[in-house]
Amino acid sequence: MNNEESLDSCRLISRRLKASPFNITIIQAYAPTSTYDDEAVEEFYDHLQEVVNKVPKKDILVVQGDWNAKVGSDSYQTWKGTCGKYSNLSTNERGQRLLEFAKYNNLLLAITLGCHKKSRITTWHSPNGEHHNQIDYIMVQQRFKTSIHTAKTRSFPGADIGSDHLVHLKKVTKQGPTRIKFDLDKLKDPQVAAIFEAQVGGRFAALNILDSNDQDIDTQVNMLNTAVTDTALEILGKLRPLKNPG
């Protein structure tokens with residue numbers, strides 16, 4: 001599969017990147033400014049949701065851009081899991097709408113997670129230099145929260161890019177799955193081996209996995225892995241590391 005790019009409107013552009021183990025879809029957005037009425041804002045979010053709905057479920061999704069919205073630390077308690085507490089002082093109406101969109105799509109505002117000085121969470125300066133706000137956000141799926149490097153997810157006030165917006169970067173490290181070691185020596189006992197075989201077979205039958213025609217191969221493999229892993233944990237248990245003799 002080649003990388004794919006789509007210009008969805010003058011305010012939205014999406015790009016799908018080939019990657020392993022999952023492809024990555026990045027959506028860049030430019031939300032209406034405060035000069036636009038609420039109807040224009042809702043039209044923007046409706047269109048954005050249509051674009052998000054087309055993203056393959058297995059893709060890593062990143063939604064980023066200039067949201068012309070302020071999310072504040074006052075929203076942290078109400079919107080835990082969607083935003084952190086390191087942001088503006090207060091949330092405005094457009095910020096509330098952004099949080100609703102993020103919550104609905106299980107997204108997390110990455111820059112709000114790290115404790116940085118104000119200059120490193122500010123993403124925009126007014127032309128006259130009087131106002132400094134955080135209105136640009138990079139959102140990532142909540143399941144990747146532990147992969148976000150909060151210390152390196154911030155704005156960079158020293159970068160000269162000829163704009164009233166600041167460079168805003170997010171660093172994410174892919175974490176591999178945790179490998180469980182089972183106590184396989186227990187299978188040397190014929191009775192344990194028979195119980196293990198019977199339970200695995202029973203789980204396969206219950207899942208109706210061997211003759212399922214309405215599931216793709218990845219789904220079937222995941223179900224197989226789950227059945228074997230759950231049975232191994234129940235019957236064999238985890239292998240305990242040997243203690244070094246003191």
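In which sense, right-handed or left-handed, does α1 pass α2 in their crossing? This report on a predicted model takes up the chain as a whole before turning to that pair of helices.

## Overall make-up

The chain holds four helices and ten strands, and read from the N terminus these elements follow the order β-β-β-α-β-α-β-β-β-β-β-β-α-α. Of its 246 residues, 39% count as buried, while the accessible surface amounts to about 15,400 Å², with 52% of that area belonging to carbon and sulfur atoms.

Contacts between residues distant in sequence carry much of the count: among contacts in the chain with a separation of 6 or more, 64% join residues that stand 24 or more positions apart.

## Nonpolar cores

The largest nonpolar core has 27 residues, and the members that touch the most others within it are Ile27, Leu48, Val63, Trp67, Leu98 and Met139. Two or more residues of this core come from each of β3 (24-30), α1 (38-53), β4 (60-66), α2 (93-104), β5 (107-109) and β8 (136-141), and it is α1 that gives the most, with six residues. A further core lies apart from this one and consists of seven residues, including Phe182, Val192, Ile235 and Leu236.

Leu98 offers a view of how the larger core is joined: once neighbours within four places in sequence are left aside, Leu98 is in contact with Tyr45, Trp67, Ala69, Val71, Leu109, Tyr137 and Met139.

## The pairing of α1 and α2

Two packed helices are described by the angle between their axes and the distance between the axes. For α1 and α2, the axes come within 12 Å and cross at roughly 20°; because angles under 35 degrees count as roughly parallel, α1 is roughly parallel to α2. As for the opening question, α1 passes α2 in a right-handed crossing.

On the α1 side, the residues that meet the partner helix are Asp38, Val41, Glu42, Tyr45, Leu48, Gln49 and Val52, and on the α2 side they are Glu93, Arg94, Arg97, Leu98, Phe101 and Tyr104.

## Arg97 within the pairing

Is Arg97, which is placed in helix α2, buried or exposed? Its relative accessible area is 18%, and since buried means under 20% relative accessible area, Arg97 counts as buried. Not counting residues up to four places away in sequence, Arg97 touches Glu42 and Tyr45, and both of these partners are listed among the α1 residues that meet α2.

How values were computed: Residues are numbered from 1 along each chain as its sequence is written. This is a predicted model: local features need pLDDT of at least 70, side-chain atom pairs count only at pLDDT 80 or more; totals for chains, interfaces and linings use all residues. Side-chain values use heavy atoms; hydrogens and water are left out. Buried means under 20% relative accessible area, exposed over 50%, partly exposed in between (1.4 Å probe, protein chains only). Contact means heavy atoms within 4.5 Å. Accessible areas come from the Shrake-Rupley method with a 1.4 Å probe; for residues, only the protein chains shown count as cover. A nonpolar core is a set of buried Ala, Val, Leu, Ile, Met, Phe, Trp, Tyr and Cys residues joined through side-chain atoms within 4.5 Å. Axes are lines fitted to C-alpha atoms, for helices over the stretch in contact, and angles run from 0 to 180 degrees between N-to-C directions. Angles under 35 degrees count as roughly parallel, over 145 as roughly antiparallel, 65 to 115 as roughly perpendicular and the rest as oblique. A crossing is left-handed if the near helix is turned anticlockwise from the far one by less than a right angle, and right-handed if clockwise.
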